[in-house]
Amino acid sequence: MAATVRIPTSLRGLTDGNREVEVTHGPVAEVIGDLVERFPRLGERLVDEGGSPRRFVNIFVADEDIRFLDGVDTVVDDGVVVTILPAVAGG
Amino acid sequence: MSLAKSLICRECSRTYDLAALYFCDWCFGPLEVTYDYETIAAGITREGIADGPPTLWRYSELLPVDSGDAVDLGAGLTPLTRADRLAREIGLGEVWVKNDTLNPTNSFKDRPVTVALTKAVELGLSTVACASTGNLANSVAAHAAHAGLRSHVFVPGDIEPSKIVATAALGNVVRVDGSYDDVNRLCSQLVDEYPWGIVNVNLRPYYAEGSKTIAFETVEQLGWRLPDHVVVPVASGALLTKIAKGFEELIRVGLVDDTNNVRISGAQAAGCSPVATAFEEGADDIRPQKPSTIAKSLAIGDPADGLYALDVVRKSGGVVASVSDIEIIEAISLLAATEGILTEPAGGVTVATLVKLAREGVISRDERVVVYVTGHGLKTPEVIPVAPRPPIRASVDGFNETYGTEV
């Protein structure tokens, strides 16, 4: 039982080159926690000292921004794709 | 020779080379171009600028690319029109309209695009792209055609038909089933897949610098004086923050003597008002929204520079306000009737906000106000609130029958 996290190119050096990482499904906070545990250097990029996603990191579950869902409590179901993207594009 | 020095992260101040990068790979913060201001200050003069081309490239010392090979359709140096009839109508003293509808593709987007595509060529890229609500798409496609670059411009499926048609004549328009924010997410993913220069993704630091020139021109056209108050439409917030940077740079390099604080106010449509809402609530974060407004060119629910725009406005003593779709349409008519300038809804948002701030006393009669009108009304004919009457017979009687009582 797993979900998939897509990693942006610039961070793939921290995931042994993997563009996608399989993680245990569950709330986003746990998905990120799982990711951070396995790739600690990725973790310090994604989350702040308090463990929350950094201000300029956007997280999408099945292509929807988690801020329109339940934030880090959004449940990621089995087989669903989580996408991490920088928030500073557009306009 | 550009005097841009490096890219610097706005959050953690790490520096990067002047490459196709847009976020800090340490903290994800946005990257900003910095310059060697001392060298610029030693060389730049008002006379030198006046002798430059009648385009925004007259300010090339303060741009992040070399102007010699600019991808240039003539963007910039648009009219700054004294709007006395509008001012009288709304009880203000000195109002100026910066008429950026008169750019090569009829919106202010030609400013960032001429800079971004010049950078794309400098980097040796052969394909450019963008996430757009319409105006940017039009500008990217036009400048790409001019430079012999391929372009793919991504837009929400529901933007105004005129914008799609005008752009399809110039490049590949990719309509996306979703909102602008969906299009933006898609482009943020495509940048990892294709070796493209996406102007508001991996070329964004350079692209955004182009918007400063609207502030440079404002000051030059006011006789090298700063305005007291400016009203700026807010979509991503980049235009507003870059206008602030533009004023600061002119002071820093010694081109203006007065150093009065310019109040900077933002304008949003009520149907897409994440920055105005945060301002009104005194919040320090911006909650994204799902837009629903006729001002489609401002319909960005998750504004990338929203926090910075909020910060600029608060520090300057301005406000961010929002206006209804009805107020937007009334303002389009008001600007047309008083000043002869036809704007798309984005300009209606800005003028409606000006009207609102004048009514509420936020803008006072003794302020020199500049309002930015950023896109042409012919791009959105469907919202223009007129219904032409049927044709008359080509005779004096025919005219008199229909219009005789009105003349």
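The paragraphs below lead through a predicted model, beginning with the contact between chains A and B and then following chain B from its core to some of its strands and helices.

Where the two chains meet, chain A contributes 18 residues and chain B contributes 29 residues. On the side of chain A that touches chain B, the elements giving two or more residues are strand 4 (57-61) and strand 7 (81-86) of chain A. By character, the residues on this side of chain A comprise ten nonpolar, four polar and four charged.

The interior can be approached through the largest nonpolar core, which has 156 residues, and in which B:Cys130, B:Val140, B:Val232, B:Ile243 and B:Val371 touch the most other members. Helix 14 (residues 345-359) of chain B supplies the largest share of this core, namely eight residues. To see what surrounds one of these well-connected members, one may take B:Val140, which, when residues up to four places away in sequence are not counted, touches B:Val113, B:Val128, B:Cys130, B:Ser151, B:Val153 and B:Val199.

Another position to examine is B:Thr374, which sits in the loop between strand 13 (368-373) and helix 15 (396-403) of chain B. Although B:Thr374 lies in a loop, this residue counts as buried because 29 other C-beta atoms lie within 10 Å, where the cut-off for a buried residue is 20 or more. Apart from neighbours within four places in sequence, the contacts of B:Thr374 are B:Asp100, B:Ser107, B:Phe108, B:Pro233, B:Ala346 and B:Gly347. The C-alpha atom of B:Thr374 is also 9.1 Å from that of B:Val232, although 142 residues separate the two along the chain.

Turning to the strands at the start of chain B, strand 1 (residues 4-9) pairs with strand 3 (residues 31-35) in the antiparallel sense over five bridges, and B:Ala4 has B:Tyr35 of strand 3 as its bridge partner. Strand 1 of chain B also pairs with strand 2 (residues 15-16) of chain B, again antiparallel, over two bridges, with B:Leu7 standing opposite B:Tyr16. Strands 1 and 2 of chain B form a hairpin with five residues between them, and in its turn B:Ser13 has a positive phi of about 65°.

Further along chain B, helix 11 (residues 274-281) has B:Pro274, B:Val275, B:Ala276, B:Ala278 and B:Phe279 buried. The cover over these buried residues includes strand 11 (263-269), helix 12 (306-316) and strand 12 (320-323) of chain B. Helix 11 of chain B is followed by B:Gly282, which has a positive phi, near 70°.

Key
Residues are numbered from 1 along each chain as its sequence is written. Chains are lettered from A and ligands numbered from 1 in the order in which they are written. This is a predicted model: local features need pLDDT of at least 70, side-chain atom pairs count only at pLDDT 80 or more; totals for chains, interfaces and linings use all residues. Two residues are in contact if their C-beta atoms, placed from the backbone, lie within 7 Å. Helices (H or I, at least four residues) and strands (E, at least two) are DSSP runs, numbered from the N terminus. Ala, Val, Leu, Ile, Met, Phe, Trp, Tyr, Cys and Pro count as nonpolar, Asp, Glu, Lys and Arg as charged, and the others, Gly among them, as polar. A nonpolar core is a set of buried Ala, Val, Leu, Ile, Met, Phe, Trp, Tyr and Cys residues joined through C-beta atoms within 7 Å. A residue is buried if 20 or more other C-beta atoms lie within 10 Å of its own, exposed if 12 or fewer, and partly exposed in between; C-beta atoms are placed from the backbone. Two strands pair if DSSP finds at least two bridges between them.
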